[in-house]
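Me: I am new to this structure and would like to learn how to read it, one feature at a time. Could you take me through it slowly?

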Amino acid sequence: EQFLQKQMDERGNRTRSGKFNPSSFGQCFRRQYWNRKDIETSNPISVETTKIFIRGNLRGDFIQSLYPTAHTEVEVVLRDVHGFADIVPDGNEVIELKAPGKWKFTSVSKKVKETDSEWNQRIEKDCVDYILQVMFYAMVLKKEYGRLVFIDENFDIVEFVFYTASWMQA
């Protein structure tokens with residue numbers, strides 16, 4: 001419990017950059033604005049949510065360790081945006097890692113009486129905030145595509161590739 005409390009305190013005490021975070025793209029604009037202004041949230045995260053974040057960070061750290069020559073946690077700073085791309089290997093891609101709960105992982109990993117095209121359209125709709133994040137990094141870092149990687153608690157992986165040219169037109 002002391003470890004969790006320390007994690008919660010550190011998260012609660014950090015000072016925001018005053019910029020938008022790509023990880024919040026696609027979410028409520030009011031929430032993004034208050035976060036940018038470093039206004040305390042009315043519903044702080046719970047101990048259970050902190051545990052989810054810690055488990056997700058551990059999964060992400062493990063996956064990043066599999067890319068020893070890649071750049072990890074690449075800082076991206078623009079006038080109004082500040083964030084960190086998870087993995088930028090040599091080549092034409094940016095990789096963004098997500099460690100969702102069981103429901104979300106099942107939702108993205110299983111086609112439900114869908115064609116491939118319908119499945120991809122559903123993913124683009126249901127995961128637009130994640131896609132906006134990875135595509136922002138891909139565009140700023142001038143990469144051909146962004147790879148969105150979902151990792152569940154058993155380290156099963158589902159990944160999707162989105163091409164920068166397609167998203168720049170959107």
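Me: Which residue just after H6 takes a positive phi?

Reply: In this predicted model, the residue to look at is Lys 142, which takes a positive phi of about 60° just after H6. Other residues with a positive phi include Glu 73, at a value near 50°, and Phe 155, at a value near 65°; neither of these is a glycine. Glu 73 lies in strand S1, whereas Phe 155 belongs to the loop between strand S4 (145-151) and strand S5 (157-163).

Me: How many residues does helix H6 have, and what span should they give?

Reply: The general idea is to count 1.5 Å a residue and to compare the result with the distance between the end C-alpha atoms. H6 covers residues 128-140, and its 13 residues should span 18 Å, which agrees with end C-alpha atoms that are 18 Å apart. Helix H3 (47-65) can be read in the same manner: its 19 residues should span 27 Å, and its end C-alpha atoms are indeed 27 Å apart.

Me: Which residues of H6 are buried, and which residues of H3?

Reply: An α-helix has 3.6 residues a turn, so residues three or four places apart point the same way. With that in mind, look along H6, where the buried residues are Asp 129, Ile 131, Gln 133, Val 134, Met 135, Phe 136, Tyr 137 and Ala 138. In H3, the buried residues are Thr 50, Ile 54, Gly 56, Arg 59, Gly 60, Ile 63 and Gln 64.

Me: Val 140 lies in H6 too, so what does Val 140 touch beyond residues up to four places away in sequence?

Reply: A useful habit is to set distance in sequence beside distance in space. Val 140 touches Val 76 and Leu 78 once residues up to four places away are set aside. Val 140 and Val 76 are 64 residues apart in sequence, yet their C-alpha atoms are 7.9 Å apart in space. Val 140 itself is partly exposed, because its relative accessible area is 28%, a value between the cut-offs of 20% for buried and 50% for exposed.

Me: Val 76 stands opposite a residue in S2; which one is it, and in what sense do S1 and S2 pair?

Reply: When reading paired strands, look for the direction of the pairing and for the residues that stand opposite each other. Here Val 76 stands opposite Gly 83, and S1 and S2 (residues 82-88) pair in the antiparallel sense over six bridges. The two strands form a hairpin, with four residues between them.

Me: Which residues are linked in a network of salt bridges?

Reply: A search of the whole structure finds eight salt bridges, and the network links Glu 93, Arg 147 and Glu 159. Glu 93 forms a salt bridge with Arg 147, and the closest N and O atoms are 2.7 Å apart. This pair links distant parts of the chain, with Glu 93 in strand S3 (residues 93-98) and Arg 147 in strand S4, 54 residues apart. The side chains of Glu 159 and Arg 147 also meet in a salt bridge, at 2.6 Å from N to O. Here Glu 159 in strand S5 and Arg 147 in strand S4 are twelve residues apart.

Me: Are the members of this network buried or partly exposed?

Reply: Glu 93 and Arg 147 are both buried, Arg 147 because its relative accessibility is 16%, whereas Glu 159 is partly exposed, with a relative accessible area of 41%.

Me: Which residues make the nonpolar surface patch?

Reply: For a patch of this kind, look at which nonpolar side chains come together at the surface. The patch is made by Phe 62, Leu 66, Tyr 67 and Phe 155, and it has an area of about 370 Å². Tyr 67 is found in the loop between helix H3 and strand S1 (71-77) and is partly exposed, with a relative accessible area of 31%. Phe 155, which was noted for its positive phi, counts as partly exposed at 37% relative accessibility.

Me: How many helices and strands are there in the protein chain?

Reply: There are seven helices and five strands, and from the N terminus on they run α-α-α-β-β-β-α-α-α-β-β-α. Of the 170 residues of the chain, 39% count as buried.

Terms used
Residues numbered from 1 in each chain as written. Predicted model: local features only at pLDDT ≥ 70, side-chain atom pairs only at ≥ 80, totals over all residues. Heavy atoms only, no water. Patch = residues over 30% accessible without salt bridge, like charges linked within 9 Å, V, L, I, M, F, W, Y side chains within 5 Å. Areas by Shrake-Rupley, 256 points an atom, 1.4 Å probe, with all protein chains shown as cover. Salt bridge = Lys/Arg side-chain N within 4 Å of Asp/Glu carboxyl O. Buried < 20%, exposed > 50% of the residue type's maximum accessible area, 1.4 Å probe, protein only. Expected span 1.5 Å × (residues − 1). Pairing = 2+ DSSP bridges. Contact = heavy atoms within 4.5 Å.
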